[in-house]
Amino acid sequence: MSIVRNAGHKVFFIDNYLRPTDFIESGFMKQKDIDIVAIHANTICFRDTLRMAHSLEKLRERGEWRGKIIVGGPHASVAPETIPEFVDHVVQGEGEKVILDVITGEERERVVRKESLKELDHLPFQPWDIFNGLPYDYTCPWMDVQPVFTMNTSRGCPFDCNFCSVCSIWGRRYTSFSALRIVEEIEYLVREYGARGIYFREDNFTLDGKRVSDFCSKLRKKNIDISWACETRVDTLTDEGLVEEMSRSGCGAVYLGVESGSQRILDMLNKKITIEQIEKAVCLATKYNIRAYCSLITGVPGETYEDFLLTKKLIDDLKPYSYSFGVFVGIPNSPLYRHILENNLYEHKDDIGLLYLPGYDVRAEYFYGRDSKNFVDYDFKERTDFDKKLLIELQKKKMMQKIDDMAASRLLSLFARGIKKIARLAF
Ligand code: SF4
């Protein structure tokens, strides 16, 4: 957005999740003289992208609008074939290099992908004035300060975890803002918007230890009083000196891609980390008062109940600040997705290509406490041994809950009887 605005174009930003609008049907397009609508598409939200694109196309068919439709974002890279033909441009990977050419019409290809940017420092700051005017939640559950601003300072990943589509979006080369560039943007956020915290929402903030160390020392030298948190891999957090330095410069939390407590599953996922590295990263973070949040994955093909018990044990032993399980769903264009598809290991494929494995409903109930119908409109029938064991645990849990409820209502009725007795005596 900043690039487009800096080139002299007028930009309107609409977040329909934050504040639902009917801007397409309400005459907004005509009123504001909109020439181009660029939609950021994620796979999980792709149905909404489709709805929006079709509404725009209907406007064009009725002769009420003559602009261009552009779709970018991760879904444009992982599943471009699902984007309707009437969409004028599908922008893959990084959009900054091509967006102006697409807008001015110099770029004529429909599916556009340019070589990745070699360095990011020259990119303008995010249009914080636009975001700051919107009612986003400027807090972070792992940080005690607010407002917390979200930044993204790196792209690409040299790893090859087989459940992940990041490489098809950003590529394998890791590119990042320099420490100085990050600190400059933070100084701006502190000065203009009173930022108290920064959450680095990206895949591997600490991949380049030298950059992190440089960033920490710059924060300290400039006396910038800010708390920060980042997302990263455990194998980049095993250097005690670095973790200590991060802590001293305001790092209060790390979100770690732990995935599993079973080495067999970590290897199967091609995660290229060990249980020892997980232990070391979480222990070091805890030692230096950095809250460790472990992100776990369950329901991958071949995972057994015993693997799950290993994960549970690891978490019980390490006692991180927090953790959560994500139930596996196959997202297009990852190696594991292709493996599941080719070997017919899924039970359901939805209309946007997401793959659901047998027992997804059991796991949704067990790990999220929610009916799977909240996520996918399908009745699951197949069960693995793992699901059967989770089902037994769920039944036990429900039985215990019933007993608790009965005991509570029995206590309540005894209590009510006592009160009535006292009331009778008093009046
Ligand atoms: S899960 Fe993380 S480390 Fe693995 S490939 Fe994806 S981004 Fe890279």
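**Close-up views of a predicted model**

**View 1. The shell around the ligand.** The residues in the shell around the ligand fall into 5 nonpolar, 1 polar and 3 charged. Keep in mind, as you explore, that this is a predicted model. To find the shell, start with Cys 157, Phe 159, Asp 160, Cys 161 and Cys 164, which are among the residues surrounding the ligand. Further along the chain, Val 166, Asp 203, Arg 233 and Gly 257 also belong to the surroundings of the ligand.

**View 2. Two domains and their contact.** Step back for a moment and you will see that the protein chain is divided into domain 1, covering residues 2–112, and domain 2, covering residues 128–345. Taken over C-alpha atoms, the centres of domain 1 and domain 2 are 30 Å apart. Where they touch, domain 1 contributes 9 residues and domain 2 contributes 12 residues. On the side of domain 1 that touches domain 2, there are 5 nonpolar, 3 polar and 1 charged residues.

**View 3. A sheet of 4 strands.** Here 4 strands make an open sheet, and you can follow them in the order β1-β2-β3-β4, with parallel pairing. At the edges stand β1 (36–40) and β4 (111–112), each of which pairs on one side only. Look next at strand β3 (residues 89–91), which runs parallel to β4 and is joined to it by 2 bridges. Val 90 is a handy landmark, standing opposite Val 111 in β4.

**View 4. A sheet of 6 strands.** This open sheet has 6 strands in the order β5-β8-β9-β10-β11-β12, and the pairing is again parallel. β5 (148–151) and β12 (322–327) are the edge strands with a single partner strand each, so one side of each has no neighbour in the sheet. On average, neighbouring strands of this sheet are turned by 15° against each other, direction ignored. Helix α12 (residues 275–287) packs on the sheet, where it touches β10 (251–259) and β11 (291–298). The direction of α12 makes about 150° with that of β11.

**View 5. The two edges of the sheet of 6 strands.** At one edge, β5 pairs with strand β8 (residues 197–200) in the parallel sense over 4 bridges. Try finding Val 148 here: its bridge partner in β8 is Gly 197. At the other edge, β11 and β12 pair in the parallel sense over 6 bridges. Here Leu 296 has Phe 325 in β12 as its bridge partner. What kind of unit do β11, helix α13 and β12 make? With helix α13 spanning residues 305–318, they make a right-handed β-α-β unit. As you trace the strands, remember that side chains in a regular strand alternate between the two faces of the sheet.

**View 6. Two backbone details in loops.** Is the peptide bond from Gln 146 to Pro 147 cis or trans? This bond is cis, and its omega is near 5°. You will find Pro 147 in the loop between α6 (128–132) and β5. Now move along to Asn 270, in the loop between α11 (263–268) and α12. Phi of Asn 270 is near 60°, which is a positive value in a residue other than glycine.

Technical notes: Residues numbered from 1 in each chain as written. Predicted model: local features only at pLDDT ≥ 70, side-chain atom pairs only at ≥ 80, totals over all residues. Near = placed C-beta within 6 Å. Nonpolar A, V, L, I, M, F, W, Y, C, P; charged D, E, K, R; others polar. Pairing = 2+ DSSP bridges. Axes fitted to C-alpha atoms, helices over the stretch in contact; angles between N-to-C directions. Contact = placed C-beta atoms within 7 Å. Right-handed = clockwise from strand over helix to strand, strands pointing away. Domains from an automatic or database assignment.
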